[in-house]
Amino acid sequence: MNPRNDLNFSGGPGVLPESVLLEAQQAVVAVPEVGLSVLGISHRSDWFAAVLSELETNIRALLGLSGEVHVLFLQGGATQQFSMVPMTLLRGKARGKACQADYLHTGYWSGKALPEARREGDIRVVWSGESNGFRRLPSDSELSFSPDAPYLHYVSNETVEGLQFHRVLGRDDVPRVCDMSSDFLSRPCEAEKFSLIYAHAQKNIGPAGVTIVVLRDKLLEGAPSELPGFLDYRIHAQAHSNYNTPPVFAIYVVLLVTRWLINDIGGLTRMAQINRDKAELLYGLLDRSEGFYRGRVEPQDRSTMNAAFNLSSPELEKRFLAEALAAGFSGLSGHRSIGGVRASMYDGLTLQAVEALVGFMEDFQRRLSSR
Ligand SMILES: *Cc1c(COP(=O)(O)O)cnc(C)c1O
């Protein structure tokens, strides 16, 4: 086993750009402009205030955000957002049709959000892909959103199954809430159409420990007053994401990734093109393989971030994963809930890495089919 950093196809925590890793390495010893380790700089320092401010500016620039939006850096991962969202927007509302929040159940992660919402109030599952094994996403004609819903919740990219929406869902008169944990900053996302976007950092844009929340000020009108401070978006907004000790290191690395996206990549339109090129390369191979590699999901709903596929038997998959690892490719095991193979191609994964994987897969197929 000799996994290579540049060939890390892990579903999460995911690969980061090499230049970012080198800067992070240097910062662990000493942040150049401060002379201290990033692990030992006060979260009340001027330096960290500047880090928070630049990160917010970068995210606003990358997403083209304007107006009354807060950009928050919270803890608790996306899982805490599964609760914070309904606590804020559903708690205290009457049960029954007129107050049900609309939820989509399109895969493993959107499924995890449902029981948390039900603790706080009434929800309606607009569409579920459970009976078909989450192999496709709904078309517009299958979706009928309620005009009375307090909000709509969905997941833009189902990390486990490899399903991604390539359009914005919902109605303009109902707040859209979206978990973008595994495709945030991978493409332009029409952020102005969402009332709340959340994304933890550790799939696509940094280490675990920080969750980015972009939310419209207006959404907080009418939020319950008795929420615990730590779980109240208003408290974090007032404190400029420095309410208690934030994860300074994780936030700093996300800043480095946003600088890389802006300066080295050239923005999200360019990033999206690179991500599409990578995905086309891999899916192209699946489609050419005559069933040797079988994509899990319907082609129109394929994710550019996570490609989940199977080989003809679990034994062959095991052999594939072992040989891939021996060749330096890591993180290719499918999620523990469904098995199989999953190649995650986050922003930090290079086109060369996908080319190398495709080369390996072609060679594997050739060797195993000619026996
Ligand atoms: C991984 C993942 C989560 C869970 O995130 P945590 O930060 O571990 O709580 C939630 N949603 C999506 C889309 C994910 O990919």
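What follows is a walk through this predicted model, from its sheets to its ligand and then to two backbone details.

Let us begin with the seven-stranded sheet. Here 7 strands make up an open sheet, and reading across it gives the order E1-E9-E8-E7-E4-E2-E3, with mixed pairing. At the edges stand strand E1 (69-74) and strand E3 (123-128); each has a single partner strand, so one side of each is left without a neighbour in the sheet. Going from one strand to the next, the twist averages 15 degrees. As a reminder, strands of a sheet pair through backbone hydrogen bonds, either parallel or antiparallel. For a close look at one pairing, go to the E1 edge: E1 and strand E9 (residues 211-216) run antiparallel and are joined by 6 bridges. If you would like a residue to find your bearings by, try Leu72, which stands opposite Val213 in E9.

Now add the helices that lie across this sheet. H3 lies across E1, strand E2 (101-105), strand E7 (176-179), strand E8 (196-200) and E9, and it runs at about 160 degrees to E8. Helix H4 (residues 108-120) lies across E2, E3 and strand E4 (152-155), and its direction makes an angle of about 150 degrees with E2.

Helix H3 also brings us to the ligand. Which element gives the largest share of the shell around the ligand? That is helix H3 (residues 77-89), with 4 residues. In total, 13 residues surround the ligand, and the closest are Thr79, Thr159, Asp179, His200 and Lys203. By character, the shell divides into 4 nonpolar, 7 polar and 2 charged residues.

Several polar atoms of the protein can be picked out around the ligand. Asp179 places a polar side-chain atom 2.7 Å from a nitrogen atom of the ligand. His200 has a polar side-chain atom 2.6 Å from an oxygen atom of the ligand. Ala78 takes part through its backbone, where a polar atom is 3.1 Å from an oxygen atom of the ligand. How much of the ligand does the protein bury? Taken alone, the ligand exposes 390 Å², and the protein buries 88% of that.

Further along the chain there is another sheet to explore. This open sheet has 3 strands in the order E10-E11-E12, and the pairing is antiparallel. Its edge strands are strand E10 (294-295) and strand E12 (341-344), each of which pairs on one side only. Between E10 and strand E11 (residues 306-310) there are 2 bridges, in the antiparallel sense. One pair to look for is Gly295 with its bridge partner in E11, Phe309. Helix H7 (residues 268-288) lies across E10, E11 and E12, and it runs at about 15 degrees to E11.

Finally, two spots in the backbone deserve a visit. Most residues other than glycine have a negative phi, and most peptide bonds are trans. Against that background, look at the peptide bond from Gly12 to Pro13, which is cis, with omega near -10 degrees. You will find Pro13 in the segment before helix H1 (18-29). The other spot is Ser241, which is not a glycine and yet has a positive phi of about 60 degrees. Ser241 sits in the loop between helix H5 (233-238) and helix H6 (248-265).

Notes: Residues numbered from 1 in each chain as written. Predicted model: local features only at pLDDT ≥ 70, side-chain atom pairs only at ≥ 80, totals over all residues. Heavy atoms only, no water. Near = heavy atom within 4 Å. Polar contact = N/O pair within 3.5 Å; in protein donor to acceptor, adjacent residues only side chain to side chain. Areas by Shrake-Rupley, 256 points an atom, 1.4 Å probe, with all protein chains shown as cover. Nonpolar A, V, L, I, M, F, W, Y, C, P; charged D, E, K, R; others polar. Pairing = 2+ DSSP bridges. Axes fitted to C-alpha atoms, helices over the stretch in contact; angles between N-to-C directions. Contact = heavy atoms within 4.5 Å.
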